[in-house]
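Work through the two exercises below with the model open. Each solution goes step by step.

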Amino acid sequence: MTNISILGSTGSIGRQTLEVIENLSDDYFVDALTAHSNVDLLEKQVRQFKPSLAVLWDEADAMSLKHRIGNICEVAFGVEGLKQAASLPSTDLVVNSVVGNAGLLPTMSALDAGKFIALANKEVLVTAGEIIMPLAHSKNINILPVDSEHSAIFQCLMGSHQPPAKIYLTASGGPFRGKTKTDMANITVEQALAHPNWSMGQKISIDSATMMNKGLEVIEAKWLFDLRPDQIHVLVHPQSIIHSMVEFEDGQVLAQLGAPDMRLAIGYAITHPNRLPNPFKRLDFTIHNNLTFEQPDKINFPCLALAYKALEAGGHYPTVLNSSNEEAVALFLDKKIRFLDIPSIIDKALSAYTDKNKHLTIDSILETEIWAREFVISNS
């Protein structure tokens with residue numbers, strides 16, 4: 001039996017994770033569910049899956065949920081509630097799909113408690129990979145990637161006794177592939193949210209439109225697979241059928257292919273090392289018979305270059321990148337800045353940050369996050 005805690009169960013990845021579990025055998029149970037503020041959906045999930053714990057961010061929301069569900073399960077709130085959900089004694093696997101740096105402290109709690117982690121939160125490794133990965137290795141804990149690209153690399157490396165020479169992270173190019181900055185001067189929120197291939201949450205959809213999503217994945221890949229920046233290549237693949245590729249020293253390349261459906265990668269992370277049947281869409285090569293590739297456009301989509309810049313700088317610069325991006329995306333979604341202001345704001349934050357020699361700790365990461373958010377707000 002596998003008991004699963006889902007952090008961020010009302011978001012896109014969380015909802016799809018529950019779909020996966022519904023279609024697995026009775027050996028997979030939901031142990032905890034957490035949400036930010038969607039009390040109505042969390043109530044429905046609790047009634048259906050009957051976890052032992054449900055968590056909301058705000059205490060008032062938690063009390064409202066408790067009033068609605070009675071004694072179905074325990075209810076907690078805030079960061080302590082998230083940490084509790086990530087470290088329940090009965091939990092075997094923690095699916096971390098919390099958006100942003102809010103996923104960092106529960107990840108540390110899961111590691112401290114010896115839990116395996118299915119990671120759908122890029123920001124945890126972007127900001128703290130230097131801390132997280134050595135800790136996971138020291139405890140012999142698997143961090144299983146949920147992103148389709150990192151899942152693809154993980155699967156291609158299964159059984160290999162040699163490290164890759166390089167990897168190719170594929171990118172769809174988002175809704176504005178081929179557009180220039182002039183074309184994107186008046187992009188609306190609605191246009192930026194309209195991804196051509198994937199169904200994702202708002203923040204990730206905007207990141208895909210700016211290509212910051214791929215930049216964050218580059219940094220995440222560095223820590224997941226112990227790679228140098230020059231070994232990580234991005235390749236635009238508009239069809240989203242090849243999810244990523246690995247090239248070995250002898251020049252041979254392995255690719256992982258599948259329908260553009262996040263439930264496939266989620267399912268593999270949950271059932272690893274097994275592969276279990278599911279009813280989800282299969283790949284039809286008679287329909288997807290034209291796979292194309294392009295170099296990414298770092299001029300019109302500078303967020304990808306900014307991510308490589310932050311990765312090369314190391315230390316707290318990836319935190320500045322991530323946190324300033326989160327704040328800029330929130331401002332764009334609130335229609336307070338323009339689409340093209342997002343990379344400009346991030347670039348200014350990276351240039352303004354000067355505390356290069358600060359020792360990297362969880363506390364220093366959280367302090368840097370606050371600095372970056374305040375910088376963006378005061379300079380927007």
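**Exercise 1.** Is L144 buried or exposed? Find its element and its contacts.

*Solution.*
Step 1. L144 counts as buried because its relative accessibility is 4%. Buried means under 20% relative accessible area, exposed over 50%, partly exposed in between, with a 1.4 Å probe and protein chains only.
Step 2. Residues 143–145 form strand β7, and L144 lies there. Strands (E, at least two residues) and helices (H or I, at least four) are DSSP runs, numbered from the N terminus.
Step 3. Skip the neighbours within four places in sequence: L144 then touches I117, A118, L119, F154, A269 and H272. Contact means heavy atoms within 4.5 Å.

This is a predicted model: local features need pLDDT of at least 70, side-chain atom pairs count only at pLDDT 80 or more, and totals for chains, interfaces and linings use all residues. Residues are numbered from 1 along each chain as its sequence is written, and side-chain values use heavy atoms, leaving out hydrogens and water.

**Exercise 2.** Why is strand β2 largely enclosed by the rest of the structure? Name the strands that pair with it.

*Solution.*
Step 1. Strand β2 covers residues 28–35, and 7 of its 8 residues are buried, so the rest of the structure largely encloses it.
Step 2. Strand β1 (residues 2–7) pairs with β2 in the parallel sense over 6 bridges. Pairing requires at least two DSSP bridges between two strands. I4 has V30 in β2 as its bridge partner.
Step 3. Strand β3 (residues 53–56) pairs with β2 in the parallel sense over 4 bridges. Here L33 stands opposite A54 in β3.
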